[in-house]
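Welcome, and please have your viewer ready. We will go from the whole chain to single residues, one selection at a time.

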Amino acid sequence: MKKNIFSTVIIVLLTFSVSSFAQFPEDALRYSTLGTGVGARSLGLGMAYTGISNDYTALFWNPAGLGQLDMSEFSFGLSHLSSKDNSSLYGNEKSFSTSSTKLNNFGVAYPFPTTRGSMVFAAGYHRINDFAGALSFSGFNPVSSIIQNYARHGISTTKSPKGNLAWELYLANIDSLSPNSFVFDSRIQDSVTQSGKILESGGMNNWSVGGAMEAAKNLYVGMSLNINTGSYSWQRSYSEQDLDNIYRTLPFDFRSLFIDQTISATVNGFSAKFGMLYRMSDVVRIGLSFKTPSWLTIEETFTSQGESFFDNGDNFKYPYDKPSKFKTKYDVVSPFMFSSGVSYIIQDLMLTADLEYTDWTQMEFRNAPEDLISYNTDIKEMFQPTVNLRGGAEYELPAMGMRLRGGFAFLPSPYKDDPSSFARKYITAGVGFIVQDIVAFDLGYAYGFWDSFRVNYDKTSRVDEKIKTHNVVATVTYRF
């Protein structure tokens, strides 16, 4: 089983009961993944900022870079994310979009007076990922129906059918083999038109404090401590219809099925980041940093309700009065992330590049039910280490106080054997203005594109997706 989370995919498999839902390795990936970073300047440079980090946003990229500041800074930024999903289900294409505008960052950096070297402290808020996403799909499925995922025809069970969505909605019957043993009589098996819409929102935030010092001439070291907070919201409206009137015989004179489900989650945790930056000369800087795992606690609430319609006018809803509601709680530990970067200045042109290594097989579920803990083995088999590549350039027009930027980022899929089309690719651009070395205005833009897919219940319900995103960040920095 494999699904790509970078399309802000939510994975909820419909299990045999409407009253149950499950978490999967993709949930751990969602909360472990970082977005396009913090600040407009870094976005315009293709997110290659480990070897620069000479402003407040170093607190996120490479805390050691704070040591380069010789003036206090206040930084404020907004971000806007627009995501479009083009889907295909059995050759039928649909499109759906969503957007999100959030606070990207605010904070302050303050250099303490020193007799030698530097010592700088900073504190602030960062938006480190945005989960905004949307999917719409529709198509005729000739080979399967979700009803079989609830009540597979001819399968015997000792579990009471009470709470089984298909049985509660009269989409499947049971025959008793004994007082405690049943077999499903489930005739709606394929040739249905499937449709659905999914909306996702929420994101991850850091509340950070940190500092840096010049440990030796031109050698800076630093660290940041982060309180992680976040939320995640997912809602899906799913339907199946017998538009060709294939099912006409009672009691399986099926006309349509509708299922509405939601997930609402809160996330809390902590992490840290350590960095080093060495200014080899006036034109060359190299930076190294690593982020510790994030230790996260997730609390989720899941709701579900279904409704069926039949040709003879019958209509059933389950639960009848209001959606069922269930809560769960579990921990996720994200993997270490190691970054290195270099920047090089040639007159008015600066070049920068980053490498970032993450071993996604190190993700873990903890303090969770036994079935969820068992997915830690699947994580070892499904995921792989990745090396993200980022690069950018900045050209300064001194007479105009303007800086022009461009960049590119290639982020491979963390899933084993995914094709390169599943890697996230970003083409970035940006512009910055500095007024009297006191106020800086920066605008960054990133166009992202990659392929993905998700399944509604098994591989016969696969929906292929082509994701395109537009991310804009605007930052104002005041130095004093």
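The tour below begins with the overall fold and ends at a single aspartate.

**Stop 1: the whole chain.** Show everything as a cartoon, and keep in mind that this is a predicted model. You should find seven helices and 22 strands in the protein chain. Turn the C-alpha trace along its principal axes, where the span is about 85 × 40 × 40 Å. Of the 480 residues, 55% count as buried. Among contacts between residues at least 6 apart in sequence, 71% join residues at least 24 apart.

**Stop 2: the surface.** Switch on the accessible surface, which comes to about 20200 Å². Carbon and sulfur atoms account for 58% of that area. Now colour by charge: there are 41 positive and 46 negative side chains, and the centres of these two sets lie 3 Å apart.

**Stop 3: the largest nonpolar core.** Hide the surface and look inside. Which residues have the most contacts within the largest nonpolar core? Select Y31 and L171, which hold that place in a core of 71 residues. Next, pick strand β10 (residues 254-279): this strand gives the most to the core, with six residues. Then centre on Y31 and show what surrounds this tyrosine. Beyond its neighbours within four places in sequence, Y31 is in contact with F131, M204, Y232, A265, V267, L296, I298, E300 and Y330. Before leaving, find the second, separate core of nine residues, which includes A58, L59, L69 and A212.

**Stop 4: helix α7.** Select residues 375-382 and display the side chains of Y375, N376, I379 and M382, which are buried. Look down the helix axis: the buried residues of α7 fall within an arc of 125 degrees, so they line one face of the helix. As a reminder, an α-helix has 3.6 residues a turn, so residues three or four places apart point the same way. What do the buried residues of α7 pack against? Add α1 (25-32), β17 (364-366) and α6 (370-373) to the view, and you have their partners.

**Stop 5: D175.** Finish in strand β6 (residues 173-178), where D175 is found. Is D175 buried or partly exposed? Its relative accessible area is 41%, so D175 counts as partly exposed. Show S181, F182, V183 and D185, which D175 touches when residues up to four places away in sequence are not counted. Lastly, draw a distance from the C-alpha atom of D175 to that of S156: they are separated by 9.0 Å, with the two residues 19 apart along the chain.

How values were computed: Residues are numbered from 1 along each chain as its sequence is written. This is a predicted model: local features need pLDDT of at least 70, side-chain atom pairs count only at pLDDT 80 or more; totals for chains, interfaces and linings use all residues. Side-chain values use heavy atoms; hydrogens and water are left out. Helices (H or I, at least four residues) and strands (E, at least two) are DSSP runs, numbered from the N terminus. Buried means under 20% relative accessible area, exposed over 50%, partly exposed in between (1.4 Å probe, protein chains only). Contact means heavy atoms within 4.5 Å. Accessible areas come from the Shrake-Rupley method with a 1.4 Å probe; for residues, only the protein chains shown count as cover. Lys and Arg count as positive and Asp and Glu as negative; His and the chain ends are not counted. The place of a charge is taken as NZ of Lys, CZ of Arg, CG of Asp or CD of Glu. The arc is that of the directions from the helix axis to the C-beta atoms. A nonpolar core is a set of buried Ala, Val, Leu, Ile, Met, Phe, Trp, Tyr and Cys residues joined through side-chain atoms within 4.5 Å.
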